[in-house]
Amino acid sequence: MKATLIDENRNLKWTDVDTPTPKKDEIMIEIYAAALNRADLLQRKGTYPSPKGWPEWMGLEVAGKVHSMGEEAALKSGFKVGDDVCALLGGGGYAEYVCAPYGMVMPMPKGLTYEEASSLPEAYATSYLNLFYEGHLKEGQTAFIPAGASGLASVAIPMAKAFGARVLTSVLSDEIASKIENLGADVIINSTKEDVSEVLKKEEEMGHPVHTVMDCLCGETLGQCIPYMAEGGYWIVISTLAGIETTIPLRPLLTKGLHLVGSMLRKRSSEEKALLLKELVEKVWPKLEDGTIKPSIYKVLPIEQAEDAHAILERGENVGKVVLKVK
């Protein structure tokens, strides 16, 4: 089979590799589409390798068909050869085939394309984990999801809205703000014109304090904003794209009983991920099938153009997910 390897110059090459064979608890998937994540860019730079036991090449989420199964997977998974599936991976999605533990494999939501389904596992699992497991977000509460134009926010904002939350987000320009209006955020902050902490302060004064933050930016803004959260609120750090340092006033952390939490989906065990994915299928897939939540795809490129796809993420051009078409 073929897979996208990283050469000594960090270039991407669609080249021949050994075809995998599923272990007893694995499903072998014939990949039709693979979605990009910022983790792919880090892996290409050599700073975010695949976890032990996964292929060395990139790719955290795919969609395709069940090709074959190990004995245990065939007995316990409920899938059969030819079923349309999508899967969360530790790596290996930029390829024609991949093997994954059956707990990492989900049925494709009805009515979605392979390209749309490939954009679900990593982004939807990350959003669901950090909004509802770590962030304890409830109907009627307010969530702040910075970087509204990111592929992850394009999932998290509609998901939070679908479960009855009020949502704030931030962007870098009015032009970007207009592009993400369809995601349904109640408040879009242009952070080049507005002080994010002042907006959160006003929201608190108006009776809408932020209960849950899913933050991929962090930096100085974190410390400036945390005093204006709701009592018992959760600030979930999932990345540090805007900086690794901040100054946190400890008094509101103490008096409001706030929670500052670091969270990485990739560090969780296969068993933990399987339970999370099971809940996704039960609670989120119906909202995808009835149109309450709609996948946001920015661009689809053939797998041979993975370099061009990475460049889109590097430039921050995309609003929504970038997907590689394999078949």
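Two strands pair if DSSP finds at least two bridges between them. Strands (E, at least two residues) and helices (H or I, at least four) are DSSP runs, numbered from the N terminus.

Before we start, a word on the model: it is predicted, so local features need pLDDT of at least 70 and side-chain atom pairs count only at pLDDT 80 or more, while totals for chains, interfaces and linings use all residues. Residues are numbered from 1 along each chain as its sequence is written, and side-chain values use heavy atoms, with hydrogens and water left out.

**Exercise 1. Find the bridge partner of Gly64 in E5, then follow the pairing to E3.**

Step 1. Gly64 has Val85 as its bridge partner in E5.

Step 2. Five bridges hold E4 and strand E5 (residues 84-88) together in the antiparallel sense.

Step 3. Now move to strand E3 (residues 26-35), which is joined to strand E4 (residues 61-69) by eight bridges, again antiparallel. Here Ile29 stands opposite Val66, and Ile27 has Met69 as its bridge partner.

Step 4. E3 also runs antiparallel to strand E6 (residues 97-101), with five bridges; Met28 stands opposite Cys99 there.

Step 5. Three bridges pair E3 with E15, once more in the antiparallel sense, and Ala34 faces Leu324 across them.

Step 6. Check the surroundings of E3: 10 of its 10 residues are buried (under 20% relative accessible area; exposed is over 50%, partly exposed in between, with a 1.4 Å probe and protein chains only).

**Exercise 2. Work out the strand order of the open sheet of six strands, and say which strands are its edges.**

Step 1. The order is E10-E9-E8-E11-E12-E13, with parallel pairing.

Step 2. The edges are strand E10 (187-190) and strand E13 (259-262), each of which pairs on one side only.

Step 3. On average, neighbouring strands of this sheet are turned by 15 degrees against each other, direction ignored. Axes are lines fitted to C-alpha atoms, for helices over the stretch in contact, and angles run from 0 to 180 degrees between N-to-C directions.

Step 4. Take one edge: strand E12 (residues 229-237) and E13 are parallel and share four bridges, with Gly262 as the bridge partner of Val237.

Step 5. Add a helix. H7 (residues 196-205) lies across E8, E9, E10, E11 and E12, running at about 150 degrees to E10; contact means heavy atoms within 4.5 Å.

**Exercise 3. Which residues do Lys321, Lys325 and Glu307 form salt bridges with?**

Step 1. Set the criterion: a side-chain nitrogen of Lys or Arg within 4 Å of a carboxyl oxygen of Asp or Glu. The structure holds 17 salt bridges.

Step 2. Lys321 pairs with Glu61, the closest N and O atoms being 2.6 Å apart. Lys321 lies in strand E15 (residues 321-325) and Glu61 in strand E4, so the pair ties together parts that are 260 residues apart in sequence. Lys321 is buried at 4% relative accessibility, and Glu61 is buried at 0%.

Step 3. Lys325 pairs with Glu115, with 3.0 Å between the closest N and O atoms. Because Lys325 is in E15 and Glu115 in helix H3 (residues 114-118), this pair connects parts 210 residues apart in sequence. Lys325 is partly exposed at 39%, whereas Glu115 is buried at 14%.

Step 4. Glu307 pairs with Arg44, the closest N and O atoms being 2.8 Å apart. This links helix H12 (residues 306-315), which holds Glu307, to helix H1 (residues 38-45), which holds Arg44, 263 residues apart.
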